[in-house]
Each structure stands twice: as structure tokens, then as C-alpha cells.
Amino acid sequence: MEPRINLMTNKIGAKVSKRVYNVNLAIQEASLPKALQELVELRVSQINGCGWCVDVHTKEAAAAGETADRINLVAAWRESTVFTDTERAALALAEEGTRLADAHRGVSDETWAQVREHYDDDQVAALVSLVAMINAANRLGVITRMQGGSYDPGMFTSLSN
């Protein structure tokens with residue numbers, strides 16, 4: 001399956017990609033561990049079936065120090081012993097924030113309470129923004145049929161202001 005369009009070489013696509021990347025730089029200013037951000041983005045990308053983003057966030061999680069066990073088990077985090085309660089709260093938010101149509105209520109009060117128990121205001125804002133942005137990136141990747149397998153960690157750092 002060939003990609004439908006290369007957003008990085010298209011004038012408008014490149015502008016949007018640069019802006020999305022810079023929003024992610026703002027999210028990284030929060031005190032959320034980089035590895036946690038990558039696990040959240042990986043889980044959302046798995047749900048949305050974005051091969052490109054699964055490739056990116058698997059490799060970036062490893063580069064951020066995540067173990068193969070944790071990367072491999074993020075798809076089944078509820079049935080795994082390798083995630084903390086703090087990480088579980090973020091992963092629950094990621095899933096419920098991604099499956100909005102499935103949940104019919106969006107993020108549950110229970111999940112929101114868990115997130116608030118473990119994260120401060122800036123971290124919550126970063127998590128919510130992270131979930132929104134990776135969902136947007138997944139849609140770009142899936143719609144244009146971006147394929148996983150060719151990403152090298154850090155290859156988009158040239159997109160920053």
C-alpha cells in the first residue's frame with residue numbers, strides 16, 4: 001500500500017506538520033516523563049491503527065529508556081504488572097480520550113479522579129493536549145496511509161522553530 005500524499009513535502013502539509021511538532025514541544029515543557037509521553041502516544045496509536053505512529057513511539061519510547069517488556073505490554077496494560085498507578089491513570093485517560101464515540105460519555109469521572117490524584121494542573125493540561133495531538137497525528141497518518149518501519153528516533157527535530 002503506497003502513501004497517498006507525503007505531507008512533509010507538500011507546502012501546506014509541511015506547515016501543518018511543523019506546527020503540530022511545535023505544539024508537542026510545548027507539551028514537553030510539562031514535567032511529564034518523556035517515556036510516559038511515548039507510552040501514551042503509543043497506546044493511542046495502537047488503538048487508532050496508525051502504523052507510522054506506532055513505529056515512531058515504539059522507537060522513541062526505547063530511546064527514552066523504556067524496556068522492551070513495558071513497550072510490548074502497553075497494549076495490554078490493564079493485564080500487566082509493569083505499570084504504576086500513576087502510569088495507569090495516564091493510559092486510562094489516553095484510551096477514554098481516544099475512544100470518545102465508544103464511551104458515549106468521554107472520559108469517566110473515575111478516570112478523571114485518578115488522573116487528578118497523580119498529576120498537577122500543568123501535567124493534566126499536558127496529558128489532555130498530548131492525547132488530543134496524537135489523535136490528530138494518527139488521523140493524518142491513517143488517512144494518508146503513512147507506513148511504519150522507516151522512522152529513526154529524533155528525525156523530526158529540524159521541524160522546531
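The following paragraphs describe the nonpolar core, several individual residues, the salt bridges and a surface patch of a predicted model.

The account begins with the core. The largest nonpolar core has 33 residues, and those with the most contacts inside it are Val40, Val115, Tyr119 and Leu127. The elements that give two or more residues to this core are helix 2 (34–48), helix 3 (51–63), helix 5 and helix 8, and among these helix 8 gives the most, with seven residues. In general terms, nonpolar side chains tend to be buried together in soluble globular proteins. Valine 115, one of the residues with the most contacts inside the core, touches Ala89, Leu93, Val124 and Leu127 when residues up to four places away in sequence are not counted.

Leucine 93, which is thus a contact of valine 115, is found in helix 5. Leucine 93 counts as buried because its relative accessibility is 4%, a value that falls under the 20% limit for buried residues. With neighbours within four places in sequence left aside, leucine 93 is in contact with Val107, Thr111, Trp112, Val115, Leu127 and Val128. For one of these partners, valine 107, the C-alpha to C-alpha distance from leucine 93 is 6.6 Å, although the two residues are 14 residues apart in sequence.

Helix 5, which spans residues 85–98, also holds glutamate 87. This glutamate has a relative accessibility of 14% and therefore counts as buried. Apart from its neighbours within four places in sequence, glutamate 87 is in contact with Leu36, Arg70, Val82 and Tyr119, and the last of these, Tyr119, is also one of the residues with the most contacts inside the largest nonpolar core.

A further acidic residue of helix 5, glutamate 95, leads to the salt bridges, of which the structure holds eight. Arginine 78 forms a salt bridge with glutamate 95, in which the closest N and O atoms are 2.5 Å apart. This pair links distant parts of the chain, for arginine 78 lies in the loop between helix 4 (68–73) and helix 5, whereas glutamate 95 lies in helix 5, and the two are 17 residues apart. The two partners differ in accessibility: arginine 78 is partly exposed, with a relative accessible area of 45%, while glutamate 95 is buried, with a relative accessible area of 5%. Glutamate 95 also forms a salt bridge with arginine 99, and here the closest N and O atoms are 3.9 Å apart. Arginine 99 has a relative accessible area of 31% and so is partly exposed.

Another salt bridge joins arginine 116 and aspartate 121, the closest N and O atoms being 2.4 Å apart. Arginine 116 is partly exposed, with a relative accessible area of 36%, whereas aspartate 121, at 52% relative accessibility, counts as exposed. Salt bridges that share partners join Arg43, Arg78, Glu95 and Arg99 into one network.

Beyond helix 8, two residues may be described in turn. Arginine 145 is found in the segment after helix 8, and has a positive phi of about 65° although it is not a glycine. Its relative accessible area of 31% is the reason why arginine 145 is classed as partly exposed. Tyrosine 151 is likewise placed in the segment after helix 8 (121–144), but this tyrosine is buried, with a relative accessible area of 4%. When residues up to four places away in sequence are not counted, tyrosine 151 touches Trp52, Asp55, Val56, Lys59, Glu60 and Phe156. With one of these residues, glutamate 60, tyrosine 151 also shares a polar contact of 2.4 Å between side chains. By C-alpha atoms, tyrosine 151 is separated by 23 Å from leucine 32, a residue 119 residues apart from this tyrosine along the chain.

Nonpolar side chains are also found at the surface. Ile12, Val16 and Leu140 form a nonpolar patch on the surface, and together these residues have about 240 Å² of accessible area. Isoleucine 12, a member of this patch, is found in helix 1 (residues 11–27). Its relative accessible area of 55% is over the 50% limit, and isoleucine 12 is therefore exposed.

Notes
Residues are numbered from 1 along each chain as its sequence is written. This is a predicted model: local features need pLDDT of at least 70, side-chain atom pairs count only at pLDDT 80 or more; totals for chains, interfaces and linings use all residues. Side-chain values use heavy atoms; hydrogens and water are left out. Helices (H or I, at least four residues) and strands (E, at least two) are DSSP runs, numbered from the N terminus. Buried means under 20% relative accessible area, exposed over 50%, partly exposed in between (1.4 Å probe, protein chains only). Contact means heavy atoms within 4.5 Å. A polar contact is a pair of N or O atoms within 3.5 Å; within protein, one must be able to donate a hydrogen and the other to accept it, and residues adjacent in sequence count only if both atoms are side-chain atoms. Patches are made of residues with over 30% relative accessible area and no salt bridge: like charges are joined within 9 Å, nonpolar side chains (Val, Leu, Ile, Met, Phe, Trp, Tyr) within 5 Å. Accessible areas come from the Shrake-Rupley method with a 1.4 Å probe; for residues, only the protein chains shown count as cover. A salt bridge is a side-chain nitrogen of Lys or Arg within 4 Å of a carboxyl oxygen of Asp or Glu. A nonpolar core is a set of buried Ala, Val, Leu, Ile, Met, Phe, Trp, Tyr and Cys residues joined through side-chain atoms within 4.5 Å.
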